[in-house]
Amino acid sequence: MKKQLDELRDEMIAEAETEVDEEIKQEKKQKKESRLARLREKFKRPEVLSDDEVQFEVKLDREEMLRRIRFRKKTLRRVGIIFFVVILVLTFFSNTIMNYSLPEVSTVTVFNGKVSQKVRCQGQVSVGTDLDVTVSGTRTVKEVLVEDGDQVKEGDVIMTFDETENKELEEAESTLESLQLTYDKSQLRTSKDYTDDEVAIANAKDDVTDAQSALEQAKLDEQSLANAKYERDELQTSYDAKNTEVAGLQAQVDAYSSIENYEGETDVESLIAQLATAKEELTNLETELESKKTLVTELEGKTSVADAEDNLTSKTQTLESLQRGLTSKKESDSLTAQSNALDDADSLKKIAEQEEKIEKLKAADDSSSIKANGTGVISGITAKPGDEVKADSPIANIQLVDSGYEVSCSIPKRDATKLKVGNEAAIENIWDDEVSAEIKSIKADTSDPNQKSMVKFSVKGNVQVGETLQFAVGDKSNKYDTVVPNGAVKEDTDGNYVYVVKVRATPLGNRYIVKKVKVEVVASDTINSAIQGEISEYDNVITNSSKPL
């Protein structure tokens, strides 16, 4: 690594010196041009520079340039040395920090070997069925006649009690009376009366009918008003024309009457007769016009069609509101009636159940003693003389030996997928051929339902309750090329996988990386798993890690 750093440093120094040489050449060129310009400027003056002055000035410029070049090279070397020192320090600390931050892992080499498909587990023997011994009411224990482990037959006396009244029977009878009283009270409900609602709806219907009639009349009045206005306008026109005619005739009569002894061609008498007739006709038209105006005024004062329609809408809405209210009330009352009917049925059911309970209490009056309700082995006695035991609380347990024996054990869920109900199991710690076992049921383990399953075995033969049995279920072992411990196999939503450690060469040394490799588990037992995938023998897989990978 030092050799590589030295080569890198030499290359950088060479590049820097080349750049400095170029800069020096450019600077020399610029200074030369500047000096020549300055000398030319001096030569234009009256006084001319001597050769000694020119050589002295050139010498000063060359020394200044050399001094600057030496200073730049020295500065460049210092910067290069500092740069490489910083690179070395950072490289050292970066490797150290990386080593501290990386997780520590445990690995194992993939190998070939045998994997047994057998699933093994163990558990304690228990009877297949047991019965709890309870009393029907609160009792005070007088004497306990059996002990845990005793064999009893159905009907054997287990305990005796002090003579007391049956409190549970009394409480049950009191509860029955209370239930019966509640039911009787519920039957005192009054029936629903909708007479007022129906009368209000009938009146609302009459109002709607009247409003419809008023609307029809308003439409007729509106047509009559239009006709009357038309006739009034026609009469007004005739009246105005006749009035104009009367005024003209009157003017002629007045004109001719003012002439004394008029003997012209115009018949004045005839004009006077025409005037009289016209005045009479005008009077008749005026009478008819006033009558028509009066009719128009009367018709205009009657209810309009718009008001009649609004009134009909209001009456209709009132009727519909009353009808909806009655319907809603009937529906609500119907639901209430159904609810009451359900309550009544529930009350009758509770009464029947209470009556049945009372009959059972009377039939099973165990106020003096309690007897075994099955043949088997007594266990779990919880009462002693002087104790008060409550109703329906277990005071002992009878394990029924005739029901056979069972053993339950918890196994990983993935192992349970290899088993089926009815599979025969080998018992590895008993060499009696008469003892046999098979799987009775496979269910989720309530303590960890996502990861474990509870397997129940049915056992036949000469075994003892509480004895520990070791089972093995499955096929014989086979040989596989790629086998790893179970702890190396992980699982996610995409399936099973393993972490494989790979080595990669870098300028700073070997670097270890982890690769996630998807695999398929073809066989597994309680220790190892045979896998298939992009993995080969002698690969290193991770089994444990100090930090998440």
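**Exercise 1. Secondary structure and overall build**

Task: How many helices and strands does the chain have, and what share of its residues is buried?

Solution. Start with the secondary structure. This predicted model has seven helices and 20 strands. Next, take burial. The chain has 549 residues, and 28% of them count as buried. Then turn to the surface. Its accessible area is about 37000 Å², and carbon and sulfur atoms account for 49% of that. Last, look at sequence separation. Among contacts with a separation of 6 or more, 76% join residues 24 or more positions apart.

**Exercise 2. A helix pair**

Task: At what angle do helices α4 and α5 pack, and how far apart are their axes?

Solution. Locate the helices first. Helix α4 covers residues 195-257, and helix α5 covers residues 268-300. Their axes lie 7 Å apart and meet at an angle of about 155°. The cut-off for roughly antiparallel is over 145 degrees, so α4 is roughly antiparallel to α5. The crossing of α4 past α5 is left-handed. Now sort the contact residues of this pair: 19 are nonpolar, seven are polar and 13 are charged.

**Exercise 3. C121 in strand β3**

Task: Is C121 buried or exposed, and which residues does C121 contact beyond its neighbours within four places in sequence?

Solution. Place the residue. C121 sits in strand β3, residues 119-133. Its relative accessibility is 12%. Buried means under 20%, so C121 counts as buried. Now list the partners beyond four places in sequence: C409, I411, F457, L469, Q470 and F471. Take F471 from that list. F471 is 350 residues from C121 along the chain, yet their C-alpha atoms are separated by 5.5 Å.

**Exercise 4. S453 in strand β13**

Task: Why does S453 count as buried, and which contacts does S453 make beyond four places in sequence?

Solution. S453 belongs to strand β13, residues 452-460. S453 counts as buried because its relative accessibility is 6%. Leave out the neighbours within four places. The contacts are then C409, S410, I411, K413, A416, I442, K443, A444 and D445. Compare with Exercise 3: C409 and I411 are in contact with C121 and also with S453.

**Exercise 5. V473 in strand β14**

Task: Which strand holds V473, and what separates the C-alpha atoms of V473 and A426?

Solution. V473 is part of strand β14, residues 468-473. Check burial next. V473 has a relative accessible area of 3%, so V473 is buried. Finish with the distance. A426 is 47 residues away along the chain, and the two C-alpha atoms are 6.4 Å apart.

Notes
Residues numbered from 1 in each chain as written. Predicted model: local features only at pLDDT ≥ 70, side-chain atom pairs only at ≥ 80, totals over all residues. Heavy atoms only, no water. Helix = DSSP H or I, 4+ residues; strand = E, 2+ residues; numbered from the N terminus. Buried < 20%, exposed > 50% of the residue type's maximum accessible area, 1.4 Å probe, protein only. Contact = heavy atoms within 4.5 Å. Areas by Shrake-Rupley, 256 points an atom, 1.4 Å probe, with all protein chains shown as cover. Axes fitted to C-alpha atoms, helices over the stretch in contact; angles between N-to-C directions. Parallel < 35°, antiparallel > 145°, perpendicular 65-115°, else oblique. Left-handed = near helix turned anticlockwise from the far one by under 90°. Nonpolar A, V, L, I, M, F, W, Y, C, P; charged D, E, K, R; others polar.
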